[in-house]
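Biologist: Could you take one part of this model and go through it slowly for me, element by element? I would like a connected account rather than a list.

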Amino acid sequence: MATYDRNACDEYNELSRRDLIATGSMGLFGLAMPSWLPRVTLSESFVSNRDVIVQIYLRGGADGLSMCVPYGDPAYFTNRPLTSLYAPGASGVNRLASTIDLDGFFSLPYAMRKLRGAWDNQNLLFVHATGSVDPSRSHFDAQRYMEVGKPSDPTVATGWLGRHLATSSAMLNGSVLRGIGMATGLAKTLAGAPLTLPIPNVANFNFEGDTTTRTARRTFVSNAYLTETDPLLAAAQNTQATIDLLASINFSGYVPAGGAVYPTASIGSAMKSTAALIRAQVGVEAIAIDAGGWDTHSAQGSRGGTMTTLLQNLAGAMGAFWTDLMAANMFDNVLVIALSEFGRTAKDNSNAGTDHGHGNCMMLMGGGVIGGRVYRNGWPGLGAGQLYQNQDLAITLDHRDVLAEVVAKRLGNSANVSTVFPNYTPTFRGLVQQLP
Amino acid sequence: MKQRTRRNGSTSSANVKDTSPLETRRGMLRRAAAVGLIAAGAASVAAPPTSRPPSSRPQPGSGPEPLPPSPDILYRLVQRLTYGFTPEEYALAQSLGFQGYLDYHLNYTAIDDSACNARLSSLTSLTLLPYQMFDLADSSVPVTQVSEAALIRATYSKRQFFERMVEFWTDHFNIDIGKSGFLKAIDDRDVIRANALGNFGTLCRASGQSAAMLFYLDNSSSRGNGTNIPNQNYARELMELHTMGVDGGYTQSDVLNAARCLTGWTYYSSLADGNNRGLFKYQASFHDNNAKVVLGTNIPANGGLQDGITVFNLVIAHPSTAIYIAKKLAAFLLDYNPPQAVIDAAAAAFTSSNGDIPTVIRSIMTPANLSAAPNKLRRPYHLFIAGLRGLNANVTSFSTIRTNQLVVAGQVPFTWSTPDGFPDSIEYWVGNILPRWNFGFRIAQTGSLGISGVSIDLTALANGQTTAAGLAGQMNSRIYNGNLSAARVTALTNYLLPNTPTTAKIRDAWGLALSLPDFQWF
């Protein structure tokens, strides 16, 4: 029946929903189910062992040179008298400005130390000097072209992840919700995705007002929208179905595994909700999270200010997520991607900030990631004569190579890579393992 | 290429793209709907028939703008110019005619707004001079009050179209109040509201000397003297978002040089600046006084303040700016994808009038253009206000709406964090429909089921109707000017039955009347 491989896990060997479905025992259901798990049994089963994908979009142009620090390139320090972090082992340095060596050339900011577990376990991969080859320094154009998966083409209306979902069968037969954007509006990445909604708070999703008339009002609204066409029809129907789905999960009672503690910042709660959704196995297979605040034109604060806090929250959330799903033995089929629309200028400006740049780093974290590495297709360098347009880290690896490899090898959709990334022939770089 | 759906339901020749994998959005959405239909569990209920003529209703999947325009052009005009139909506005439109009603709203200073002003009287920070805001013991007061004032005005001002245009320019020159703090309250009054139906150049120049804008986009601390590298943030958005548009023809070199020209544009902020605090200041010691080239124009050395003024002159007069503003205004007022002829005419009006905003609007908002325009989706802010107007709600405080309902819906005024302003698209907003339904349910209720500070007068709303059918008809008339289909009215009637409905049921039904698909569009 189910082919979803959940590996050996004491808790789940006892409590596996698959087994519950097989036995159909409501007694067992009521007796032993963790309280946050769905209270209703879905009659369907998982038909795919592919990854659930979580995209964290760092809006504003995150400074990749402060996230995966090229301390082996001397120009990094000369370019950035005001914002550079320090090489590993530098003495007399504020701890928040220090870094931890990764591979002898790159280092991890102290603020991101909570990713050490994932790195040491080879679940975390940095890809550097990558990004969208679109030359725009506009946040909005750069984000759009990255999200639709085709540079410089304003006619593409759908997102790359939306097209992946639209060209693949649901991971769970009969799934009512395949994608979630954890925001009040839909991220372009997910545009065109079937059974996908923007939901700002998955823990609070129901008809308000008098509970005694709730059912009658829901029926009235359901019927009223049957006369509509898409996208309003789909929005109404997906919403109605999702109310029941999310009501079956007790988010507020969710207990992370392994003692994982998520940061209280919004990225922390988003990742915690994401973990709860994944562990509940209700068929959500793509989650898009927006993390803002990365447009650090002035007082960037990579040495103990704004950027430090952003990095601590991001790494804290990703680190807790790793701990949680590892302990729950569910990390094998999860893939987290953190990316941003562009990097920032190699040199800092007079406000101890950096302006819109070009090349950047990306993070991939997952059970199928060939991690513990900083992958680059050659390091273009930060010295004079090496910078893109004389001011930025150059791009030596089109970010679509990374995403396309994920789509083909981890999302089980190799047949449709050319639809997901049109007019582009990706080069697979050996960043993730092929699904068995 | 873009897809367009006209009122006859036909789609433009762009349809050929439908066969390409990129443009299968409609197919995808259809598929999503098909699955959703099964999932929703309501699919077995037959769709009620619609009273609209089939010819005006696009077939399922024929495009992203599904509702046909109502044949009632004055109803549509009221919907477009205001925050939602009321019988009073409609009566005015009927007595003045299409052009007269538009002129009435464009000549907004002649409209007596004393009733709305009375509702604003307790918001004392609205009239403070900039330096007085610096001296407040609690600097959050103007932040709260300017947001409260926006909602009061949108709901109750008789100058409805002026308030819609304030919303448009607030997005166009977006400033996140979370970053700027009370400086945005000054900007709202002295930049946006002072010029919303004035001259574009005046508005843009005022924005360029607004403390809130200079701080929000980092220009106030940008230095270009000596070896300092200027901050490009404001210079870029001035060209990309405020004037020429991202495809307007400027280069990265233009951005850099404009940023150099604008070094030293800051504002008075220290205690020693006294009564000048919050006002524009040119700080010569921050300025890059070397020669520059912007958009092909040589800007000689030692120009000082004039360098920045030259930049504004160049970008405001640039042909791309006329097109960009014309298109954005037409998209806001008329159609997400305005016809090229409308854009061309509006751009010509912009150029010939030197950026007179009402002249551009007159070019766009014609009976022919409006008749041809598909409906637009209300953004949540617009939808909420329309709901309050639809039920003639008395709101003594918007505090709960600001801090709860608008947060979940995603559109608290002045809080969009990035400089592009709240999006104006169906695709972005449509999925988050649950808060839109819930708002209707809540405002029609009382006590813990309602919203603190909001009340409705059920008796007045009923207008003497007491039966299920009579009340449903009154809902149609009060909120939709009678434009609901017979099936909708029947559905409301059926909900209200038996024939003398309880008060609780009547409250539910008013909420349901606001949850209809028809209410999502304008």
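Modeller: This is a predicted model, and a good place to begin is the pairing of strand β4 (residues 124–131) of chain A with strand β11 (residues 397–398) of chain A, to which β4(A) is joined by two bridges, the two strands running parallel. Within that pairing, Thr130(A) has Leu397(A) of β11(A) as its bridge partner. Thr130(A) also has a bridge partner in strand β9 (residues 360–366) of chain A, namely Asn360(A), and here the sense is antiparallel, with five bridges between β4(A) and β9(A). A further pairing takes β4(A) to strand β10 (residues 373–376) of chain A, where four bridges hold a parallel arrangement and His128(A) is matched with Arg376(A). As for its surroundings, β4(A) is mostly covered, since eight of its eight residues are buried.

For a view of helices, one can turn to chain B, where helix α15 (residues 319–333) packs with helix α17 (residues 357–364) at an angle of about 55 degrees, their axes being 10 Å apart. Because of that angle, α15(B) counts as oblique to α17(B), and the crossing in which α15(B) passes α17(B) is right-handed. On the side of α15(B), the residues in contact are Ala326(B), Leu329(B), Ala330(B) and Leu333(B), and these meet Val360(B), Ile361(B) and Ile364(B) of α17(B). Sorted by character, the residues of this contact between α15(B) and α17(B) comprise seven nonpolar, no polar and no charged.

Conventions: Residues are numbered from 1 along each chain as its sequence is written. Chains are lettered from A and ligands numbered from 1 in the order in which they are written. This is a predicted model: local features need pLDDT of at least 70, side-chain atom pairs count only at pLDDT 80 or more; totals for chains, interfaces and linings use all residues. Side-chain values use heavy atoms; hydrogens and water are left out. Axes are lines fitted to C-alpha atoms, for helices over the stretch in contact, and angles run from 0 to 180 degrees between N-to-C directions. Angles under 35 degrees count as roughly parallel, over 145 as roughly antiparallel, 65 to 115 as roughly perpendicular and the rest as oblique. A crossing is left-handed if the near helix is turned anticlockwise from the far one by less than a right angle, and right-handed if clockwise. Contact means heavy atoms within 4.5 Å. Ala, Val, Leu, Ile, Met, Phe, Trp, Tyr, Cys and Pro count as nonpolar, Asp, Glu, Lys and Arg as charged, and the others, Gly among them, as polar. Buried means under 20% relative accessible area, exposed over 50%, partly exposed in between (1.4 Å probe, protein chains only). Two strands pair if DSSP finds at least two bridges between them.
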